[in-house]
Amino acid sequence: MTSLSTLERSAGERPGPVRWNRAQWMLLLVLCTVLALDGLDVSMVGVALPSIGQELNLGTDSLQWIVSAYVLGYGSLLLLGGRLADLLGRRRIFLIALTVFAAASLLGGLVDDPTLLIATRFIKGLAAAFTAPTGFSIITTNFAEGRERNRALSIFSTFGASGFSLGLVVGGLMTTMSWRWTFLVSVPVAIAVVLLGLKFIPKDNPADQEQDSGHDIWGAVTLALGMLGLVYTLVSAPERGWGSVATIAGFAISAAILTAFAVIEKRVAHPLIRFSILKEGWVARANLSAVGLFGSYLSFQFIVTLFLQSVLGWSPLSMALALLPAGLLVVATAPFADKFIDRFGAPRLIVVGLAALTLGYILFLRVGTTPNYAVDILPSILLLGVGFALAFPSINVQATAGIRNSEQGLAAGLIQTSTQVGAALVLAVTTAVISGHGSGRDATAAEMLAQYRPGLILSGVVAIAALAVAAAPARRSKVLAPVG
């Protein structure tokens, strides 16, 4: 494993524990808190959607955009956000974006106009598109590669997954007071973290080469427009129809813009994105694994949320508590994730985690209209928790292992773009599959479950595909050896 030095190996000694000073712990706390806020925000708003719709008189299509607007901003600018942090300074970009996130949260909790509310969600997505990859690259450039970075990344990524899981419960509690608190609760936390960040995030120098040679402006513009068009088309396709003129035109225009971006990147002296990075180490396989992990899980959770509330008649809080064991498992294993990676290797843990996830999806297919939670639902939830706890931090470690410091933001942006765009794509296909098996408003519980079942099967298929990618024999890399 690359986490052990040559001297330690030859001496047969076990490495001592990773020790950080107070400044390093505070830096990690700042970065982890922001990532947890991102996860909390997404899941809290999902729980609050029925209350928002009732108070603002919004239909299902409008409510969808409260979620989709965030994904649109987040998924379209993640790559650009990570790269600009490399070019302009990670500390500066991180603190500015977090301030924008706090302001948009405050505005979202105060407005009554649906259009403004959706706009604040889009702005928050844009802000998160800068904080998430920038926070990731701040870790990878401030913690040495190997055991130290593995531990930091495992804690960091676990906070994101835990924030999303615990946000379901927090959202249920906040909604009992008012849906507005699902927006406002983030404001004081974000402000406090900005103040802490000013003190504990080290000042950094933007990448010297790119700074001296000028910025790839047209590359940045075409990348942002192309990703914006692609994600917008994905999230609006279920409503418009996958075969509609608008959807086909959206994909065609987005593909043309992204093709122009690729041509620009091959011709400029110092490109925004070096495509050959995908050939290094585990970068490509880690990104494909992330698509399968998050795409299948988000779609599964979407279906289960509808199933528990629409078919079984559970309250939002009861539904959140039913899914909570998965989040608790992730939280409980967080302190040991780096030790698992050091001992077993990240590639092996990715395979085992995706296998657990796949088994969880398969077991859930047994569920009927009168399930016993402990027997029929809980085993799947626990397997999903195990799968996430093992695969999530390991994928993040493998996605950036060995990448030079000047491109850590790019590598971080790539893995998080795969996460968001992959999740948006799989969820959009899942929504279309469910809509295509619609059973009507007067459907029985059995008919509604039959409507959801193809979507559940799709989650399993996506997870199996990701498992196949992760388990395939690795080609020998001329540049890097995988971590572990």
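## A walk around the helices

Start by selecting Leu288, which sits in helix 12, residues 283-311. Keep in mind as you go that this is a predicted model. Now add Ile415 to the selection: 127 residues separate Leu288 and Ile415 in sequence, yet their C-alpha atoms are 8.8 Å apart in space. Which residues does Leu288 touch, leaving aside its neighbours within four places in sequence? Show Ala466 and Val469, and you have its contacts.

Next, colour helix 13 (residues 316-333) and helix 16 (residues 373-400). Their axes lie 8 Å apart, at an angle of about 30 degrees, and the crossing is right-handed. To see the contact, show side chains from helix 13, including Leu321, Pro325 and Leu329, along with some from helix 16, among them Tyr373, Ile381 and Phe388. By class, the residues in this contact come to 14 nonpolar, 2 polar and no charged.

Now hop over to helix 2 (residues 22-56) and helix 4 (residues 90-110). Here the angle is about 35 degrees and the axes are 12 Å apart. This pair makes a left-handed crossing. From helix 2, pick Val30, Leu31, Val34, Leu37, Asp38 and Asp41; from helix 4, pick Phe94, Leu98 and Phe101. That contact has 7 nonpolar residues, no polar ones and 2 charged ones.

Last stop: the surface. Select Ile217, which belongs to helix 10 (residues 217-240), then add Trp218, Val221 and Leu225. Switch on a surface view, and you're looking at a nonpolar patch formed by these four, with about 430 Å² of accessible area together.

Terms used: Residues numbered from 1 in each chain as written. Predicted model: local features only at pLDDT ≥ 70, side-chain atom pairs only at ≥ 80, totals over all residues. Heavy atoms only, no water. Patch = residues over 30% accessible without salt bridge, like charges linked within 9 Å, V, L, I, M, F, W, Y side chains within 5 Å. Areas by Shrake-Rupley, 256 points an atom, 1.4 Å probe, with all protein chains shown as cover. Salt bridge = Lys/Arg side-chain N within 4 Å of Asp/Glu carboxyl O. Helix = DSSP H or I, 4+ residues; strand = E, 2+ residues; numbered from the N terminus. Axes fitted to C-alpha atoms, helices over the stretch in contact; angles between N-to-C directions. Left-handed = near helix turned anticlockwise from the far one by under 90°. Contact = heavy atoms within 4.5 Å. Nonpolar A, V, L, I, M, F, W, Y, C, P; charged D, E, K, R; others polar.
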